[in-house]
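Have the sequence and the 3D view side by side for this one. We'll start with a pair of helices, move into the core, and then visit some unusual backbone spots.

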Amino acid sequence: MVAAVRVHKHGGPEVLTFEDIDVPAPGQGQVKLKQHAIGVNFIDTYFRIGMYPSPTGMPFVAGNEGAGEVIAVGPGVTDLKVGDRVGYVVPLGAYAAERLLPAERAVKLPDNISYEQAAAMMLKGMTVQYLLNRTFKVGKGTIVLIHAAAGGVGLIACQWANHIGATVIGTVGSKEKAELAKKNGAHHTILYRDEDFVAKVKEITSGKLCDVVYDGIGKDTFPASLDCLHPLGYFVSFGSASGQIEAFNINILQAKGSLFATRPTLNHYAAKRDDLIAMSNDLFKVVGSGAVKIPVNQKYPLKDAAKSHKDLEARATTGSSILLP
């Protein structure tokens, strides 16, 4: 039996139950991991409250991201062996001291990437990788607006976009978060609680507006985000921290400049193992070079998973949060 955090019913952070579970031997195509660090992400709260249905039914072990050591391999596994260090992103099962994992979703970690870094960046870092390189190809001179710029995805995105050569504008909730975003690559910050972020974007860009808006906030920043884009600009909604965007008349995109809008998710971009490996290698390369640092600003014991969710939903965190088994 090993420690884990499970959800028996949907609800607030209080439904995260710390208990012991049995983890059997790995089956066909599986590996068994001893986990060293576990990522905490907003998507974990979506499963907890029932916004996203659990693919494994109820109860389920929460969490989508982690890093650990392979301690057993099942039949048919050839790419991994006992002792390998791996990171992963999969639907559910991460909040546990040990777990089973499909071997095809595990990625070997380079020696210069720690378990804590990996747990803090596999989901968020690969999200940034596809957002900047595939959903919309950011290049030198691109003007980007990143909402929640001091959050887990935001701090990685600010650094990476800056490294590429983009002009980075970030919205934040406090002066402290503004300083943090600037230290991590944002050229301009906007206090969205105190300032009209559309007006500030127009001022910062001298009326040119943005090529792309990356929005993980959702309800609170829509449709104002569309007004930050020049004609033919891209609105990329990749999260719903403030609630989901309600259905809208698609003609609004024409009225505001023949805009593009998309709601991507990592699972689709990394569905093929070749893509998963390419994306993770790109992430490891940019982090290993020092161009992008992974700020792990909150660490909690596994038993305090409920507190990690409370802090995340209260927007009381910056950068990445992890659980330690």
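How are α2 and α8 oriented to each other: roughly parallel or roughly perpendicular? Before the answer, some ground rules. This is a predicted model, in which local features need pLDDT of at least 70 and side-chain atom pairs count only at pLDDT 80 or more, while totals for chains, interfaces and linings use all residues. Residues are numbered from 1 along each chain as its sequence is written, and side-chain values use heavy atoms, with hydrogens and water left out.

Now find helix α2 (residues 115-135) and helix α8 (residues 273-288); helices here are DSSP runs of H or I with at least four residues, strands are runs of E with at least two, and both are numbered from the N terminus. The two axes come within 9 Å and cross at roughly 105°. Such axes are lines fitted to C-alpha atoms, for helices over the stretch in contact, with angles running from 0 to 180 degrees between N-to-C directions. The two helices are therefore roughly perpendicular, the label for 65 to 115 degrees (under 35 is roughly parallel, over 145 roughly antiparallel, and the rest oblique).

Which residues make the contact? On the α2 side they include M121, M122, M126 and Y130, and on the α8 side L276, M279, L283 and V287 are among them. Contact means heavy atoms within 4.5 Å. The residues of this contact divide into 9 nonpolar, 5 polar and 3 charged. For that tally, Ala, Val, Leu, Ile, Met, Phe, Trp, Tyr, Cys and Pro count as nonpolar, Asp, Glu, Lys and Arg as charged, and the others, Gly among them, as polar.

From here, step into the largest nonpolar core, which has 54 residues. A nonpolar core is a set of buried Ala, Val, Leu, Ile, Met, Phe, Trp, Tyr and Cys residues joined through side-chain atoms within 4.5 Å; buried means under 20% relative accessible area, exposed over 50% and partly exposed in between, using a 1.4 Å probe and protein chains only. The residues with the most contacts inside this core are M126, V144, W160, Y214, L266 and V287. Elements giving two or more residues to the core include β9 (143-146), β12 (210-215) and α7 (266-269), but α2 gives the most, with 12 residues. Take M126: leaving aside its neighbours within four places in sequence, M126 is in contact with V89, M121, L266, L276, M279, S280 and L283. There is also a second, separate core of 36 residues, V40, A96, A103 and Y300 among them.

Back on α2, look at K124. This lysine counts as buried, at 4% relative accessibility. Beyond its neighbours within four places in sequence, K124 has contacts with V40, N41, E65, G152, V153, I156 and S320.

Next, try α4 (residues 175-183), where K177, A178 and A181 are buried. Seen down the helix axis, the buried residues fall within an arc of 105°, so they line one face of α4; the arc is that of the directions from the axis to the C-beta atoms. Those residues pack against α3 (152-164), β10 (167-172) and β11 (188-191). K175, E176 and K183, on the other side, are exposed. After α4 comes G185, with a positive phi near 110°.

What about the odd backbone spots? Most residues other than glycine have a negative phi, and most peptide bonds are trans. The peptide bond from M58 to P59 is cis, with omega near -10°. P59 sits in the loop between α1 (42-49) and β4 (60-61) and touches R6, V7 and H8, leaving aside neighbours within four places in sequence. Another cis bond joins F222 and P223, with omega about 5°; P223 is in the loop between β12 and β13 (229-237).

As for phi, L92 has a positive value of about 70° although it is not a glycine. L92 is in the loop between β6 (85-89) and β7 (98-102) and counts as buried at 3% relative accessibility. L232 also has a positive phi, near 75°, but L232 is in strand β13 and counts as exposed at 53% relative accessibility.
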